[in-house]
Amino acid sequence: MTDTPDGDPATGHDQQPDDARGLVDRVERRGLSVLAVVTAAVLLVMFYYPVGTVLVEAVFVDGAATARPFLDILRDPFYLGDLAALFDGRPPADVVSDAISGGPDFGLVGFTVYQALLSTVASVTLGVPLAYVLARYEFPGRQTLRSLTILPFVLPSIMVATGFRAAFGADSPLNGVLGLVGLGPVDLLFTLEAVVIAHAFYNAPLVARVTVAAWESVDASAVETARSLGASPLRAFRDVVAPQLYPSVLMGAALSFVFTFGSFPIVLALGDAELMTVEVRVFRLVESLDYAEAAALAIVELLISLGVLYGYLRYEARQSARAREIRPLPRRRFVPDSLSVRTLLPRAGLVVYAVVALVVFVLPIASMVQASFTDTGGLTLDNYRFLLERQAEAAAFQVQPWPAVRNSLLFGAASLLVAVPMGVTVAVLTTRGYRGRKLVDAVAMAPLAVSGIVVGIGILRGLVFGIEIGPTRLVVGGVAAVVAAHAVAAYPFVVRTVAPGLERIDGTLVESARALGASRTRALVDIELPLIWPGVVAGAAFALAISMGEFSSTVVLATGTDWYTMPVAIERFIGRRLGPATAMGVVLLVVTSASFLVIDRLGGEYRDGL
Amino acid sequence: MTGSEPAVELDGVTRRYAETTAVKAVSLTVREGEFFTLVGPSGCGKTTTLRLLGGFDSPTAGAVRLAGENVSGVPPENRDIGIVFQNYALFPTMTVRENVAYGLNFADPPDGGSTADRVAELLDLVDLAGMGERDPTELSGGQQQRVALARALAPGPQLLLLDEPMSALDARLRERLRVQLQAIQTELGITTVYVTHDQEEALAISDRVAVMRSGRVEQVGEPRAVYRRPETRFVAAFLGDNNVLDGTVLDVTDRGDGVRATVRVDGTELVVRADDRRPVPGDRLSFCVRPEALVVDGATNTLTATVQSTEFLGETTRAHLDWGGTELLARTAVPLDGSVTLGFDPADAHVVAVE
């Protein structure tokens with residue numbers, strides 16, 4: 001019990017009414033509930049309602065419910081190839097025998113699945129060795145490298161696509177090097193290979209991150225016990241370490257599949273007209289104002305993505321969560337203490353891997369920077385001069401560089417202000433134990449699974465065009481619409497960086513604070529937030545990067561308006577010549593990095609989450 | 001195995017790391033079938049010593065011999081050992097049965113029977129019969145610990161290593177498991193090296209103990225001997241309560257019933273038994289007297305002290321005394337109070353090395 005100011009412990013502080021303090025108390029006590037309600041409202045208006053209108057559009061044509069748009073898609077060989085006949089009423093046996101005899105064709109959906117599978121295999125193949133290096137070796141810069149694995153994930157995809165164009169074209173520096181040793185030239189532009197490698201650029205680090213986390217939570221004592229019982233190092237790895245890694249590798253693979261299945265800017269920019277995925281097709285349909293078919297196709301896509309995620313979550317639920325005290329496996333020095341086949345072989349493999357990793361992860365960005373300063377005649381600033389000229393004398397319909405930078409910064413800052421409180425609130429709500437928590441988690445995380453195009457169309461059709469509420473018409477215009485789309489795309493990452501920290505906090509800390517008289521909200525502010533602050537800062541950096549790089553819904557919402565962003569500008573330039581696009585890409589890289597640094601400085605030490 | 005060789009021999013073993021030296025020139029032998037305990041405060045090098053025995057770490061200098069054979073460079077899987085860690089280290093992806101059976105992938109059951117029989121036998125031995133299909137995470141801490149013990153014993157190792165296996169358990173459970181562990185060890189006759197920071201546990205369970213401090217072995221011996229005749233001030237204070245006093249030797253006599261030294265401590269003359277070390281007048285001398293040896297109105301070596309506080313321990317009461325600025329502990333059946341006069345028999349005092 002706290003002593004009262006008048007020094008009479010018997011009366012207690014509850015008998016000292018103080019209206020001003022009472023009000024503050026009440027607001028404080030309700031703080032979390034208020035935030036929760038606001039978050040729910042924002043999600044409802046900015047995500048569920050717009051996405052809902054898209055779905056409704058697919059099943060209501062001319063005011064009547066119909067399955068026609070779906071059936072049209074399912075029966076169209078363009079989408080499903082040989083499988084389309086199944087939905088036309090042909091017996092399955094015939095369909096199968098036809099497909100086998102004539103060489104199977106699975107249409108656009110089939111190709112989308114195929115490229116996603118290839119991309120997933122490439123991501124796992126590149127990601128697991130990286131996890132091995134990070135988890136098991138000690139070398140200068142290991143922590144930095146580990147932090148850098150988050151970078152590809154937040155790099156704007158349209159910029160990365162630009163980099164890939166510069167890196168793997170016929171006159172790329174890579175071919176210059178290959179030419180010197182008598183190889184090449186390699187021209188991967190507009191091939192499936194380029195798309196798959198670009199997908200690996202994004203998803204291999206993701207696979208690596210989740211796998212490193214699992215690897216570091218393997219108990220060295222367990223491995224040592226296996227050794228003491230007679231297992232060789234390889235056998236102990238197979239029996240003790242590997243089974244603890246599978247779930248994480250599988251999670252990385254499932255996420256890679258879902259992300260690459262719905263990939264849009266990469267395929268748009270690297271596949272050109274040759275390659276098309278479902279998401280690109282949806283975009284093309286939206287461009288030609290064919291909303292019903294676009295919506296129906298988007299739903300087919302969403303169902304496949306959700307199916308994979310659901311299958312994965314079912315699997316994950318069977319893996320019991322454990323919190324044990326563990327002693328992590330010791331890291332080996334990269335430079336071995338002794339020279340033998342056993343020490344040199346894995347390290348030689350890692351050197352080969354490092355070369356491949358340089359080509360996949362570093363070369364595209366380096367090539368983009370290099371390409372922005374060169375043309376056929378050598379070093380030049382022409383590409384940047386082009387940006388300045390465009391700024392000075394663009395026609396009204398043309399995209400100008402400065403408004404793109406300004407808009408990106410504006411949207412980024414605004415998205416940050418919306419996404420961070422939303423993310424923290426959802427993290428708090430989903431890390432507390434109560435009935436229905438899983439449902440809250442699923443509802444709050446849905447934006448991760450729904451494609452940006454669908455969100456974009458939904459916001460465009462549902463909010464920008466207006467909602468009729470009785471006699472009035474609620475219209476959410478330009479800026480607010482883009483910010484809403486960005487915030488909805490960004491806040492799940494805030495949740496993912498904040499929630500693990502909250503979960504790790506000893507529950508008795510909060511209980512002690514509340515026993516001492518703090519409200520739940522007060523305990524959150526005083527005890528939990530300072531402890532998870534690095535996670536909040538990381539989440540904010542994420543939110544900013546997602547906003548700055550967001551392309552899918554922005555391109556839908558900004559087309560024909562003055563609210564285009566840097567990624568949209570790159571996409572407009574890339575259609576003409578690579579040079580100005582790479583210069584704009586460098587501008588985007590510089591602005592994004594600078595904003596990252598600012599958040600980092602303002603928020604304290606950046607630590608990697610996710 | 002010849003049987004004449006010690007089961008474990010450390011010969012001048014040193015383990016240096018970049019910043020610190022965890023083990024400094026330690027030499028020890030453990031006899032066949034012995035329950036041997038390394039005890040000391042945290043950071044004394046006892047766990048490192050155990051890891052050197054297991055082959056999880058290699059000595060910077062010196063030799064480790066198991067059954068007479070130098071095992072330098074021999075990996076853990078070829079050392080014929082079983083180990084139990086403080087955190088149990090049960091394989092989380094396997095059931096209890098799979099955990100216990102794991103070592104039998106690499107060695108036939110020692111009794112020549114089937115793996116299934118051996119696992120059942122071991123689970124029975126540790127009182128976990130019928131728990132084989134459980135997930136390790138479903139078990140209590142004590143049960144997990146016994147699974148870890150069964151797993152370590154299943155292949156019939158020559159040497160059992162136990163690294164603070166009970167420190168995560170509560171006191172009552174710890175005592176019960178201690179008795180069980182001792183019974184199993186005696187029944188199997190397996191050479192056991194046990195690491196603990198708990199001196200009471202070490203004294204209760206071991207055939208012999210080695211008290212370690214800062215990477216060195218301070219004293220090795222049977223629990224009673226080490227408790228009654230500590231060689232150093234550290235051992236005297238580490239094992240149980242003790243009063244360690246320092247003074248100057250005034251006189252040394254030998255009247256046939258042992259050597260007696262008269263020592264001046266803070267102006268008071270006390271007579272202590274000094275058989276082990278033969279001091280000469282003028283020497284600095286340290287000795288210890290157990291709290292239970294201080295008796296009220298003792299005939300010799302009387303001291304008058306003031307009671308500062310008392311703790312009720314059940315059969316006895318421990319009193320914290322102030323004797324002219326020196327803190328003393330006494331343990332008596334009748335609680336002490338106020339100013340008391342205590343004495344001790346010179347034979348109950350034990351001289352330790354001066355530091």
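The second largest pocket of this predicted model encloses about 2,000 Å³ of space, and of the 48 residues that line this pocket, those closest to its centre are A:Arg136, A:Arg227, A:Pro330, A:Arg332 and A:Arg342. A pocket is here an open set of points, on a 1 Å grid over the protein atoms alone, with protein on both sides within 12 Å along at least five of seven lines, whereas a cavity is a set of points where a 1.4 Å probe fits but cannot get out; lining residues have an atom within 4 Å of a point. Grid points are joined across faces, edges and corners, and a volume is the space filled by probe spheres set on the points. At least two lining residues of the second largest pocket come from each of helix 5 (107-136), helix 11 (220-228), helix 12 (233-261), strand 4 (332-333) and helix 16 (341-372) of chain A, and likewise from each of helix 1 (46-54) and strand 4 (61-66) of chain B. Helix 16 of chain A supplies the largest share, 6 residues; helices (H or I, at least four residues) and strands (E, at least two) are DSSP runs, numbered from the N terminus. The lining of this pocket comprises 28 nonpolar, 6 polar and 14 charged residues, where Ala, Val, Leu, Ile, Met, Phe, Trp, Tyr, Cys and Pro count as nonpolar, Asp, Glu, Lys and Arg as charged, and the others, Gly among them, as polar.

Between the two chains, 24 residues of chain A are in contact with 22 residues of chain B, contact meaning heavy atoms within 4.5 Å. Chain A and chain B bury about 2,000 Å² between them, with 59% of this on carbon and sulfur atoms; buried area is the accessible area (1.4 Å probe) that two parts lose on being put together, summed over both. The rule finds 2 salt bridges across the interface of chain A and chain B, a salt bridge being a side-chain nitrogen of Lys or Arg within 4 Å of a carboxyl oxygen of Asp or Glu. A:Arg227, listed among the residues closest to the centre of the second largest pocket, meets B:Glu77 in a salt bridge through their side chains (2.5 Å, N to O).

Within chain A, the assignment gives domain 1 (21-57 + 387-610) and domain 2 (126-290 + 299-321 + 328-372), with bounds taken from an automatic or database domain assignment. Domain 1 and domain 2 of chain A bury about 2,800 Å² between them, 80% of it on carbon and sulfur atoms, and the rule finds 0 salt bridges across their interface.

The structure also holds 5 cavities of 30 Å³ or more, and the largest has a volume of about 950 Å³. Its lining counts 42 residues, of which A:Phe259, A:Gly262, A:Gly452, A:Glu550 and A:Ser552 lie nearest the centre, and at least three lining residues are drawn from each of domain 1 and domain 2 of chain A. Helix 15 (residues 291-318) of chain A gives the most to this lining, with 5 residues, and the lining as a whole divides into 27 nonpolar, 12 polar and 3 charged residues. The second largest cavity contains about 110 Å³ of space, and helix 5 of chain B provides the largest share of its lining, 4 residues.

Residues are numbered from 1 along each chain as its sequence is written, while chains are lettered from A and ligands numbered from 1 in the order in which they are written. In this predicted model local features need pLDDT of at least 70 and side-chain atom pairs count only at pLDDT 80 or more, whereas totals for chains, interfaces and linings use all residues, and side-chain values use heavy atoms, with hydrogens and water left out.
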